[in-house]
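Reader: Please take one part of this model and go through it closely. I would like the shell around the ligand, along with the annotated residues and the packing.

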Amino acid sequence: MSKIWFETVAEAQRRAKKGLPKSVYSALLAGSERGVSYDDNTAAFAELGFAPHCAGLSGKRDLATTVMGEQISMPVICSPTGVQAVHPDGEVAIARAAAARGTITGLSSFASKPVEEVVEANPQTFFQIYWLGSRDAILQRIGRAKAAGARGLIVTTDWSFSMGRDWGSPSIPEKLDLKAMVQFAPETLARPRWLSRFARAGYIPDLTVPNLVQPGETAPTFFGAYYEWMQTPLPTWDDLAWLQSQWDGPVMLKGICRVDDAKRAVDAGMTAISVSNHGGNNLDSTPAPIRVLPSIADAVGHEIEVVLDGGVRRGSDVIKAVALGARAVMIGRAYLWGLAANGQAGVENVLDILRSGADSALLGMGKSALDELSAEDIVIPPGFTRTLGA
Ligand SMILES: Cc1cc2nc3c(=O)[nH]c(=O)nc-3n(C[C@H](O)[C@H](O)[C@H](O)COP(=O)(O)O)c2cc1C
């Protein structure tokens, strides 16, 4: 076994921290304000318990399921993350790893690789957008993704442009020009392996976001795009229903934490929702999604596919989420740390950890398939759940 194989997501995180320049690692860690939501996302999973059986267990377990019509080998999807400069293969490596493990990759519109290359690496690609720019610009953007072959659209609207983290935000240059390289030399030179990966690939990360424009057009920088996003009038529910009608295929609304919003997502014609607080990066003090999942799944689970993202670090977390009403989970940091630790193989390593952990949890609970799970299988401490907007 390769010595770069790691046994837990925690170990991948340690390696990411050791291997990435400080600013890049800190951009992956993200979070917001006091970090209450970031902490709660993982702490809440740890509060939930199992009551395993010791005999009469199932010798065969099936983790396969579907999300928005896509057959996947386990209930774990790579969530879209717009993050730059982790690895020269970036989102293409993530897409290849997801394809190798039989699952969907979500591609952020703030990603560093063109959607065409990502779909080629993994036909099961869901393209993610924010409400950014005019309706025309949005139509052109989703048109490009559709033409590339993206099978689903993820619309993320939970963003409140908060600034500042008590532990400090990364300093990210507007462009990686000579001036920025001199400024960042101390932290990048201290990470020779990261540097040599980019040197071997023959380029330096340029911090542009190619999928916001048409192929061949000059891509804006991340900051340019972020500024335009801040200037864009915020979407209404009618805008979202319009967007849904423009995409000929399944649409997921990502960022739901209230029952009333989940119902509006149903009314807007969405195929799926992701119960999410944006990985604790949005409005700090929003509860962990696993706490609000049961009420939302109860209210709309029969009308719309419900997935969850936020805080998933092990296979047992996946099983807890499925038992409480999720069809699947989406992961963010877990695969980003894997990518930083060991490129495509590191992302595959993370997906393998989640698969084998989910399989162990099913085994221990005496189940043979995901649809046998229910909330009755989980030890839920009093006061654990939150019901928002009911
Ligand atoms: C560095 C970083 C960048 C992200 N960028 C995006 C993005 O561009 N679009 C989006 O919908 N969500 C984005 N997210 C949120 C993830 O899709 C997902 O909701 C979150 O990471 C789940 O929490 P987890 O990291 O604990 O798994 C980002 C998250 C991180 C950590």
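Author: What follows goes from the ligand shell to the annotated residues, then to one helix and the core.

The model is predicted, so local features are given only at pLDDT of at least 70 and side-chain atom pairs only at 80 or more, while totals for chains, interfaces and linings use all residues. Numbering starts from 1 along each chain, as its sequence is written.

Start at the ligand. It is surrounded by 26 residues, where a residue is near if its C-beta atom, placed from the backbone, lies within 6 Å. The closest are Gly82, Ser108, Thr156, Gly279 and Gly332. Two elements, α2 (22-29) and α14, each give two or more residues to this shell. Element names follow DSSP runs, numbered from the N terminus: helices are H or I of at least four residues, strands E of at least two. By class, the shell holds nine nonpolar, 14 polar and three charged residues. Here Ala, Val, Leu, Ile, Met, Phe, Trp, Tyr, Cys and Pro are nonpolar, Asp, Glu, Lys and Arg are charged, and the others, Gly among them, are polar.

Take Gly82. It sits in the loop between β4 and α4. Gly82 counts as buried because 20 other C-beta atoms lie within 10 Å. The cut-offs are 20 or more such atoms for buried, 12 or fewer for exposed, and partly exposed in between, with C-beta atoms placed from the backbone. Beyond its neighbours within four places in sequence, Gly82 contacts Ser108, Phe110 and Ala111. Contact means C-beta atoms, placed from the backbone, within 7 Å.

Now the annotations. An unreviewed UniProt entry places "active site" at His278, and "binding site" at Arg165 and His278. UniProt positions use the numbering here, feature names are shortened, and annotations may be inferred rather than shown by experiment.

His278 lies in the loop between β9 (272-276) and α12 (289-300). It is buried, because 24 C-beta neighbours fall inside 10 Å. Apart from sequence neighbours within four places, His278 contacts Asp158, Trp159 and Gly255.

Arg165 belongs to the loop between β7 (152-156) and α7 (178-189). It is partly exposed, because its count is 19 other C-beta atoms within 10 Å. With neighbours up to four places away set aside, the contacts of Arg165 are Gly31, Ser32, Glu33 and Gly35.

Back to α4, which follows the loop that holds Gly82. This helix spans residues 90-100 and is largely enclosed by the rest of the structure, because nine of its 11 residues are buried. Among them are Glu91 and Arg96. The buried residues pack against β4 (76-78), β5 (105-107), α5 (115-121), β6 (125-129) and α14. Just after α4, Gly102 takes a positive phi of about 75 degrees.

That brings in the core. A nonpolar core is a set of buried Ala, Val, Leu, Ile, Met, Phe, Trp, Tyr and Cys residues joined through C-beta atoms within 7 Å. The largest one has 111 residues, and those with the most contacts inside it are Leu28, Ile273, Leu293, Ile296, Ala326 and Val329. Helix α14 (residues 333-364) supplies the largest share, 15 residues. Val329 itself touches Pro75, Val76, Val307, Leu308, Asp309, Val312, Val318 and Ala321, not counting residues up to four places away in sequence.

So α14 recurs because it lines the ligand shell, packs against the enclosed helix α4 and gives the core its largest share.

Note on methods
Contact = placed C-beta atoms within 7 Å.
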